[in-house]
Amino acid sequence: MVIHSPIHVSLRGVTKAYESKLGRTHALGPIDIDLRRSEFVAIVGPSGCGKSTLLDVIAALIPPSAGLVTFEGRPIGNTVPDGIGVVFQENACFPWLNVADNITFGLRRQSVEKPEAERRLEDALQLMGLQDFARAFPAQLSGGMRQRVCIARTLVMQPRLILLDEPFGALDQQTRLLMGDELLRIWRATGATVLLITHALDEAAMLADRVAVMSARPGKILEVIETTWPRERDSQIVSMPEFGAITARLWTLLRAQSMQALRPEAV
Amino acid sequence: MHIVFYRLVAVFLPLTILEILCREHVIKPLILPAPSRILLGLWSVVAKGAFNAAILKTLANVGLAIVLSIAVGIAAGAAIHRSRHLRALLEPLFSTYYAIPIYAFYPLFIVVFGLGDAPQVLIGFMLAVVSMIVGTLAGLDSVPAVLGKTARVMQLGPVKTLRSVTMPYAAPYLFTGVKLAVAYAFIGVIGAEFIMSGTGLGYEIRFAYDNLDNDVMYPLILLILIIAVAINMSLDRWDRVLKSRRERG
């Protein structure tokens, strides 16, 4: 059966271009990459290289200009397929709902039975350490807590593919490391495939099984680096010499690209 | 506690001064009766029930103007929000809209709609609807793009997105539009009753004024004041409850 194929997501010749009064802007690609089932993949690249566009294409939030994206063997169309969850960088909590109602929002829309919804809510609150905040409103929470609510809201839908678009971008370094640990815990607990878009090289090197490095716009995959970390890992690996070597390798690949993104005329 | 005390002082101190000035005949009763006399007059007007029909007529016309302006304002605001060209065309007009003296069109409305309630409701509606359109536009502008994406990830269709995400997010702005629409509808309808009408509170006040009947005119003015303030204060309270959840606790 297609669903048991080791390839969970596949991108072939995916490009994205935007038309405007100034002409055609080639934003992305062509991109070819496969995500294996239950794998943790990070994508790093310079600012404006099209990382978030790539995530939007995979999530079917925007159509590619060319190429094919398949999820569990089926081509992705115009609507977000079942089994995909997305966590965005921006605060996407619904401010008029409390934490519990935010988390169960999608479950209510999908008419999941109440006892089942409550069970999933309890699990998510516990997993994300939000038990004491179920009745709090987003405005009463810190940025990190709000992002946990958004992650919990994604998890209760039991996605098989979790797409994360710089989810910790607005958080301080310590909180990011701790949230990274939580993300690894969730990844192991759910068995989902995770694709993390980030600009933080250390975050990518610490969390991912493989790190794909993108070029400056139009973003293409320059190289995919295997980290070879064990599945049971946490943020303590940042003190290991291999972590430094991976981060250094990522920076070597990205330095020229980042400079090009900053000063396109100088390179 | 202090703020409530000062607020009461701000209301009752000028009233007390006015009461003394009226009782001492510094202000003549023909110009303004003492506030306590106006209050007693209001009780007598309400108890007798002579103006119940006028009160009901005004409230019904104001209510109709409010409902129409909210429904049309939200629909028009949503349509203008979707069309960039329509917005570019109309938005500059909204900022100058309240410079137009709408009452100047009253004779035209009478020619077109006759002497019934329609011209009064129309003036109330015309004054109120633009504040509702502007409130709707501000509300829809405020919805972050990420919430739209979240709705799509949750596989909500356009109607469900509007009902479950866009409208609840925009609610405080819409509510500001509603509050203004209520105030403008009162001003429009009662103003129109003043100028040319055979019924309603505005007409009764003008009739009492023409007959130098201060015992009716001032109590009716007070009645309008009480109704408008009571409605606005309840809306304001509701608004604060709505906003308190969203602001940092």
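Here are some informal notes on this two-chain structure, which is a predicted model.

1. **How confident is the prediction?** The model as a whole scores ipTM 0.84 and pTM 0.77. Chain A has a mean pLDDT of 86, and 95% of its residues reach 70 or more. For chain B the average is 88, with 98% of the residues at 70 or above. As a reading tip, where pLDDT is low, the predicted coordinates should not be read in detail.

2. **Where does confidence go up and down?** In chain A, look at helix α2 (residues 99-103) for the highest mean, 94, and at helix α8 (residues 241-262) for the lowest, 82. In chain B, the top element is helix α3 (residues 52-82) with a mean pLDDT of 93, while helix α5 (residues 106-113) sits at the bottom with 80.

3. **What are the two chains built from?** Chain A mixes eight helices with ten strands. Chain B has ten helices and zero strands, so if you walk along the sequence of chain B you read α-α-α-α-α-α-α-α-α-α, by the way helices and strands are assigned here.

4. **The overall dimensions of chain A.** Along its principal axes, the C-alpha trace of chain A spans about 55 × 45 × 40 Å. Is that what a compact globule would give? Put differently, what radius of gyration does chain A have, and what would a compact globule of 267 residues have? Chain A has 19 Å, and the globule would be near 18 Å, so the two agree. Of the 267 residues in chain A, 42% count as buried. Among the contacts in chain A with a separation of 6 or more, 70% come from residues 24 or more positions apart.

5. **The overall dimensions of chain B.** Here the C-alpha atoms fill a box of roughly 70 × 55 × 30 Å along the principal axes. Chain B has 249 residues, and 31% of them count as buried. For contacts with a separation of 6 or more, residues 24 or more positions apart account for 75% in chain B.

6. **A sheet in chain A.** Have a look at the four strands that make an open sheet in the order β2-β1-β4-β5, with antiparallel pairing. At the edges are β2 (23-36) and β5 (74-75) of chain A, and each of these pairs on one side only. Inside the sheet, β1 (residues 7-20) and β4 (residues 66-71) of chain A are paired in the antiparallel sense over five bridges. To find your way, start at V9(A): it stands opposite F71(A) in β4(A). In general, strands of a sheet pair through backbone hydrogen bonds, either parallel or antiparallel.

7. **Two domains in chain A.** The domain assignment splits chain A into domain 1 (2-83 + 160-266) and domain 2 (94-158). The centres of these two domains, taken over C-alpha atoms, are 26 Å apart. Ten residues of domain 1 are in contact with six residues of domain 2 in chain A. Which helix gives the most to the side of domain 1 of chain A that touches domain 2? That is helix α6 (residues 173-190) of chain A, with five residues. The residues on this side of domain 1 are eight nonpolar, two polar and no charged.

8. **Where the chains touch.** 16 residues of chain A are in contact with 18 residues of chain B. On the chain A side, β6 (84-87) and α3 (105-109) each supply at least two residues. Sorted by class, that side of chain A holds ten nonpolar, four polar and two charged residues.

9. **A cis peptide bond.** Check the step from R217(A) to P218(A), where the peptide bond is cis, with omega near 0°. P218(A) belongs to the loop between β9 (210-214) and β10 (221-226) of chain A.

10. **Two residues with positive phi.** Q158(A) is not a glycine, yet its phi is positive, near 50°. You'll find Q158(A) in the loop between α5 (143-155) and β7 (161-165) of chain A. Q158(A) counts as partly exposed because it has 14 C-beta neighbours inside 10 Å. Over in chain B, H25(B) also has a positive phi, near 60°, and is a residue other than glycine. H25(B) lies in the loop between α1 (2-23) and α2 (35-48) of chain B. Why is H25(B) called exposed? Because 8 other C-beta atoms lie within 10 Å of H25(B), and 12 or fewer counts as exposed.

How values were computed. Residues numbered from 1 in each chain as written. Chains lettered and ligands numbered in written order. Predicted model: local features only at pLDDT ≥ 70, side-chain atom pairs only at ≥ 80, totals over all residues. Pairing = 2+ DSSP bridges. Domains from an automatic or database assignment. Contact = placed C-beta atoms within 7 Å. Nonpolar A, V, L, I, M, F, W, Y, C, P; charged D, E, K, R; others polar. pLDDT = per-residue confidence, 0-100. Buried ≥ 20, exposed ≤ 12 C-beta atoms within 10 Å, placed from the backbone. Rg over C-alpha atoms; globule rule 2.2 N^0.38 Å.
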